[in-house]
Structures are given as structure tokens and as C-alpha cells.
Protein chains: 4
Amino acid sequence: MERVTKIMTAAAPQTKDQRNRLLTAAARCFVKSGFRGARMAQIAAEAQMSTGHIYHYFDSKEQIIAEMVRGHIEEKESIFGRLERAGDQVVDLMVDNLEESVDSSANPFWSALTLEMTAEAMRNPKIADILRTADAEMKARLFTCLGEGSDQEELATRLEIFIALIQGIGIRNIINPKLDLPAVVSIVKEVVENLFRRSKP
Amino acid sequence: MERVTKIMTAAAPQTKDQRNRLLTAAARCFVKSGFRGARMAQIAAEAQMSTGHIYHYFDSKEQIIAEMVRGHIEEKESIFGRLERAGDQVVDLMVDNLEESVDSSANPFWSALTLEMTAEAMRNPKIADILRTADAEMKARLFTCLGEGSDQEELATRLEIFIALIQGIGIRNIINPKLDLPAVVSIVKEVVENLFRRSKP
Amino acid sequence: MERVTKIMTAAAPQTKDQRNRLLTAAARCFVKSGFRGARMAQIAAEAQMSTGHIYHYFDSKEQIIAEMVRGHIEEKESIFGRLERAGDQVVDLMVDNLEESVDSSANPFWSALTLEMTAEAMRNPKIADILRTADAEMKARLFTCLGEGSDQEELATRLEIFIALIQGIGIRNIINPKLDLPAVVSIVKEVVENLFRRSKP
Amino acid sequence: MERVTKIMTAAAPQTKDQRNRLLTAAARCFVKSGFRGARMAQIAAEAQMSTGHIYHYFDSKEQIIAEMVRGHIEEKESIFGRLERAGDQVVDLMVDNLEESVDSSANPFWSALTLEMTAEAMRNPKIADILRTADAEMKARLFTCLGEGSDQEELATRLEIFIALIQGIGIRNIINPKLDLPAVVSIVKEVVENLFRRSKP
DNA sequence: CATGAATGAGCGTTCATTCAT
DNA sequence: AATGAATGAACGCTCATTCAT
């Protein structure tokens, strides 16, 4: 009985597990060596798997890149997902969550991946598409929350600036790893309040 | 006499010209294809030179990357150089120059190079060093201008946030090329004023 | 009793069935993709069997090729077996059977296999040996029938020419699939009659 | 002066020489190991060249195969080219040249290549096209010579049978290398005369 | 100084074969 | 007996670098 159960439930999840193992191993390699620099053999070793076996789960290196990109921006989106449920108190929540947002963006793993993904998007239309689609969706959501009664166009721009700032801090942190993040957060809070609450008293 | 001198020393300037031609050709290729993706043959063609001849001017592709990076951040620095001479009116000048700064940062050529350089810096210590050294110097200069009578630490952080914002906008423009730059500039002006003039009445 | 015997010996016949299933599946794949081009996974799928299980019946791909070649030339030989029983009326039978011989040789499946086998024989001594042994035996048999009272050497040569012609037609049919086979048969009949009956009034 | 002449005239022919060297080296490898079996490294070694350098002259292994096939059938065609100029004495010339035709077809190098090319044509449409185009042209030429005043359809068929016979002998010679070629030639002469001169007294 | 032919190490990928179950 | 996941050597091809001229 146990055996049967094992067999019946193991196959599909195991495949998914292996794919995920490969995807996270690939992400580590991509951070370490870049998309082009990372070797299939390196990814295989990182996932404790033979080189050839990778091709049971993915068709090509490019597919691994695409799926890893998709996975990571979905994860990123989920952070913004929380804001969505905050209704008209989004700005408060944004401000409250700023520390987490900045820390996450400044995480070298994340910022390296973001950098790599964005650079890749400049030459690889598939990656560009994934990034742009996810980006549009994310902004649409936030937009809905923030949007009531305001000048929509301007709000969109303020949102862009907010995202630029958060991502920009991640990149700054690469070039200047001594960046004092808590200090950054407290000043960014001011900026965000000014960005979105200016009209309010 | 002059003529003779010219002839005798002609080699050096010509060499410099060739090197520069190569460097700008390389930059174009790097923007188009990335550091790894750009081939020596492509760079040679772009510089209208034979592949092999590149090695009369540079030891390796890596050296080209390093020198190109150095050259381009020096160029970037020169923009900040102007601020230096503005004395205590730096913020005014910064605000006045914002349009130029944002446009320059949002220029696909520049943002692509910045992206590529920063990504490379994560893996290549030499590039990281070039970037960090230049960055430190640049900040030190601005710091001098802005710094008198203020809380130095906080000012440094505000400066970081300013740079992060400008660079972040460049990257946003890659993922969302429909970004309304003039609108962005006008809002960023507010942000910058708030960042640096808040204390002043 | 019978039942028990059956059960006890069932393994062998079943094994033989599986082997044959595999062999015919392999032949189809070899025709489609060539010996080198056919993949073990393709053969397994064609035989509705898992890839790994093939190795319960055969040691290697090469062994499959060898056994398939042996099997197919034995089948071919059986066609000539009929002639053997015709005694001194072999030529009549040959002429009568020409249509079948030509059609069989021109069958894309057969001609493809023959091509593949012969090509393989040029590099693989084992295959060459199988082909040559079978060929020698086949000729020896026909030789016996045709041979009485004639110049043995010349007869052997005429036989070679006959076989060359039949096989050659098969190959022609690959390059020129519009070949009018009935017309070919009627002319080949003339040729065969001239080949073997010239001396007879 | 010599230098200049050398430079001006050397480039193009040298490239052609290298290509031809590569092509004949490839042909030898293909005969030895088959199209799929021959390795680029093997071809490179046979041509006394580095593996990578092959790709200065050819885009891919497939292109080498295609060009080699084209070259070899053109060479084959040139044999038939002579017949063309014989006017209404083609059959005499064909009979006279039979020895050469048979010897050439029975040359292991040639028959191996023919085998390989035909087998490849079954799966590779490009090769099939090259073979069929050349074949059609060759037949058209012979057809013109032989065709006057005869039943065209039947003549075409007789031609096919002739070619099948010659090619078939080549293949026979692989399986039975003891084939007595002079004896074969003398009997084939009869066959050819019967094929094409039957109507004539 | 200048060319581009030449090299060869190393890449992504394939597939016959083996292994754990 | 049967599966298909797993292995890894070997392939075709690329490209930074070197060399002969």
C-alpha cells in the first residue's frame, strides 16, 4: 500500500521539485556568473545533478533563464500584492513596508538578478516581454489602489519614480556596499510621503 | 622643426586615436550585445579595423572593457564636475540640470552601459574597483559643495538617494519605454528640492 | 501437464516475441532515420517499451542492427528459396517472379534497409560478414539449380549481374520515384531471358 | 612586384584550394565512417587543419556534405558528358566505355559515396534535391542522343535500367569483392547492346 | 602598422547505456 | 520483467587569441 501511494503521488511533485531545485541552483549561478557566464555544468553541479539530466526538465539554457526570470518577478510581485488589499491606506502601508522593500531590493542576490534580467531584456525579446508584462500588471494593481480621485497620469508617473527609487537603491548598494540602509530608509520615507501625500494636509 | 617633432611623436597620438576609436566602437557593441555577447570581430568591424590588430592596442577583451568603463564613468563624472564649481548654489544647479541628468540617464545607450557595467562589477573585482573608486571620488566632490554646515552623514545618504533615483529612472525607462520623461523630471524636481532644501526656509 | 509445461517454458517464447517486436520496430526506425540517426528511445517508443528495457533483450544498439540485418536477409533469401525447388526451370520461374522481385526491391522500405545495410557493411566488419555469408549461401543455392551443364564461372557472373540489376532498380527508384515499374519489369524480362537463355535455342 | 602579384592572385584561389582540400578530405572520411559517423575533428585532421578553421570555409557539416555530393555527381556527370558528343553513335561509345563505367562504379570509394549519398537523400531533402536534379539533367542529355526516332517512353525506361545495372554492379562489388569485373563487363556489353540495339539489325 | 588565416579550448546539447526501484 | 530517471563522454560549433606575412 505504502509503495503504491508513494509511486502514485511521487512522480509529478518530484519533477516539480527537481525543476525548482534546478531553478534556484541556476539563480545562484546567474548571480555568481551572469546569464552568459554561467555554464550548464556549473548549474548542474550546483543542483547536484549531471549535465545531461538538466535536459529532462528544460529544453535549453534559455528556457531556464526565462522560467527563472518569471519565477522571480512573480515573487517580487507578491510583495506588491499585499498593498493591493490595503485600500485607501496604501500609502501608509507603503511607508510602513519601506524597510522591507529597500532591504529586499538591496539584497545583493536580488539586485544582481534584477540587473542581469534587465540587461538581458535589452537583447532578448522574450525576457523583455516577461518583464514588461509583469511590470504593467504590477503597476496596474497599485494604480487601482492609489488612483481614486487623483490625477491618474501624474499618479502613474509618481509610481514610476517610486519604483525607480527602490530599484536604484538596490543598484547603489552594489557600487557602494557601505550604504547605510536604515538611514536610507528613513529618508526615503520622507520622499515617499511627499510623493504620494503632498495634496493631503 | 615642428614638423619633425610631429613626425617623431606622431605614433603616440595616433595610437591614442586608434584606441579611442576602438573604445567607442566597443561601447556601441557592448550596448548592442553586452560584454560577453559582443565579439572581438564585431568590435573590429565597428572600428573598421582587422580583428588581429585590436591586440596592438589592447591586451585582451577584458582590458577593453575595463578601459571603456573607466572612460565612460569619467565622462559621467564631468557632468558632476560642473556642480562642483557652483559653490553653495549646487542645489539650484542640480535642480536646473535635472532635465539633462534624467535625459542622459534615460538614454538607452547610457542606461545599457550602466547596467552592463554594474552587472560586470558584481563578478569582476577590477571593474568593481574602477566603479567604486570613481563613485567615491564623485561623491566626495559633491559632498564638499553641499556639505558646509550640515549633518555630513545624512547629507551623504541624501546624495546616495539622489543618485539612486536618477539611475533608477534610467533602468525604468528600459522596462517601460513609454515613460513620460518631462513629467518625470517635474516630479523629480520636487523630490530633489525636498531632499536637499527641506531644512532651509 | 501441458499447461504446466507451457507456463514453465513461457519465458522463452515471450522473450522471442519481444525481441522480434523490437527488431521490426528497429527496422522501421532505421528506414526512417538510418542506423546512426535512429535513437534507442525512438526504437523503444515504436516497440511500445521503455528505453531501458531494450537492454534486457539486446546488449547494445549494434547488436540490434546486426540481428535485424541477419533477419532481413534471411527473409530475402527465402524468396530465392523458392527458385531452388524449381529445378531446371529456374529461369522460367525467375522470369515469372520478376514482377514480384522488382516490386520488392523497389519497395522503399526494402531499398532503404538494403542501402543502410550495405553502407554499414563498408565500415562494420560484423555486418559485412553477415551480408557476405548470406550472399554466398544464396548464390550457391541458385548456382546449383542453374549450374548443370553450363560454364560455371560465367553463370556465376550472370547471376551477379542479375542481382545487381534488381538491387540497382531499387536504388534508382529512390532517386527517381516516378520510375514506371511495370515498364521496367517488361524490359528486365527481356534482359533476364537474354542473360540466362541466350545459349538455349 | 612579385610580392604584390602573389598577394593579388593568391587570395581567391587559395580559398578555393582550401575548400577543395577540405572537400576531398571530407569525402575520404565519409567513405571511411559515413556522413554521420565522420567527425569534424576527423575531417580537420585529414585536411591537416584545425577543427575551428573548417568554419572559415563552410557553415556547417551539412554544407560540406551538400557541396561534396554536388561536386561528386558533377564529376560523375562529366563521364556521361562525353557520350553527348557522340551523336547517333552513342550506343557504340557506351559499349566502348563500359569497362570504364563499370570500373568507376565498382571503385569502393565511389560506390561507398554513392551509397552514402543515396541513403542520405532518403532523409535529407536538400541532398535528395541535388541528386534528383543532377540525375534528371544527366538523363535528359543521354535521352537527347539516344532519342531520335524511337519510342521516347521506352527509351527512358531502358536508360533507367542501364543506370540501375551500372550502379547495382558497384554495390554488388561491395558485398562480393571477389567479383570478376572483366567478366562482368563482357556480359554487360551484351546486355547493353540488347537494351539499345534490339531494333537495329 | 596591418591583415585575416589559423588555432584549440570550451561551450550547449545529445543519446547510448546504466541504475534504483 | 519493466520503468524512466540519471549519467557522462562525445559531438558540432564558437570565438578570444596568436601567427605568418
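**Figure 1. Backbone and side-chain contacts to the phosphates of DNA strand E.** In this predicted model, a polar backbone atom of D:Ser50 sits 2.8 Å from a phosphate oxygen of DNA strand E. Two side chains also reach phosphate oxygens of this strand: an N or O atom in the side chain of D:Gln18 is at 2.8 Å, and a polar side-chain atom of A:Tyr55 is at 2.5 Å. Two or more residues of the surface near DNA strand E come from each of α4 (54-57) of chain B and α3 (54-57) of chain D.

**Figure 2. Protein surroundings of DNA strand E.** The strand is surrounded by 31 residues, and the closest are A:Tyr55, C:Met40, D:Ser50, D:His53 and D:Tyr57. Sorted by class, this surface consists of ten nonpolar, 16 polar and five charged residues. Sugar or phosphate supplies 71% of the atoms of DNA strand E within 4 Å of the protein, and bases supply the rest.

**Figure 3. Polar contacts to DNA strand F.** Chain C approaches base nitrogens of DNA strand F at two residues: a backbone N or O atom of C:Gly52 is 3.4 Å from a base nitrogen, and a polar side-chain atom of C:His56 is 3.2 Å from a base nitrogen. In chain B, a backbone N or O atom of B:Lys61 lies 2.9 Å from a phosphate oxygen of the strand.

**Figure 4. Protein surroundings of DNA strand F.** Among the 31 residues around this strand, the nearest are A:Gln18, A:His53, A:Tyr57, B:Met40 and D:Tyr55. The surface near DNA strand F has ten nonpolar, 16 polar and five charged residues. Of the strand atoms within 4 Å of the protein, 70% are sugar or phosphate atoms and the rest belong to bases.

**Figure 5. The annotated segment of chain A.** An unreviewed UniProt entry places the feature "domain: HTH tetR-type" at residues 16-76 of chain A. Over these residues the chain is 74% helix and 0% strand. The end C-alpha atoms of the segment are 21 Å apart.

**Figure 6. Contact between the two assigned domains of chain A.** The domain assignment divides chain A into domain 1 (1-58) and domain 2 (62-201). Domain 1 of chain A contributes 13 residues to the contact and domain 2 of chain A contributes 14 residues. About 1200 Å² is buried between them, with carbon and sulfur atoms giving 77% of this area. On the domain 1 side, A:Val31, A:Phe35 and A:Phe58 lose the most area to domain 2, together 48% of what that side buries.

Terms used
Residues numbered from 1 in each chain as written. Chains lettered and ligands numbered in written order. Predicted model: local features only at pLDDT ≥ 70, side-chain atom pairs only at ≥ 80, totals over all residues. Heavy atoms only, no water. Near = heavy atom within 4 Å. Polar contact = N/O pair within 3.5 Å; in protein donor to acceptor, adjacent residues only side chain to side chain. Helix = DSSP H or I, 4+ residues; strand = E, 2+ residues; numbered from the N terminus. Nonpolar A, V, L, I, M, F, W, Y, C, P; charged D, E, K, R; others polar. UniProt positions renumbered as here; feature names shortened; annotations may be inferred. Domains from an automatic or database assignment. Contact = heavy atoms within 4.5 Å. Buried area = accessible area lost by both parts, 1.4 Å probe.
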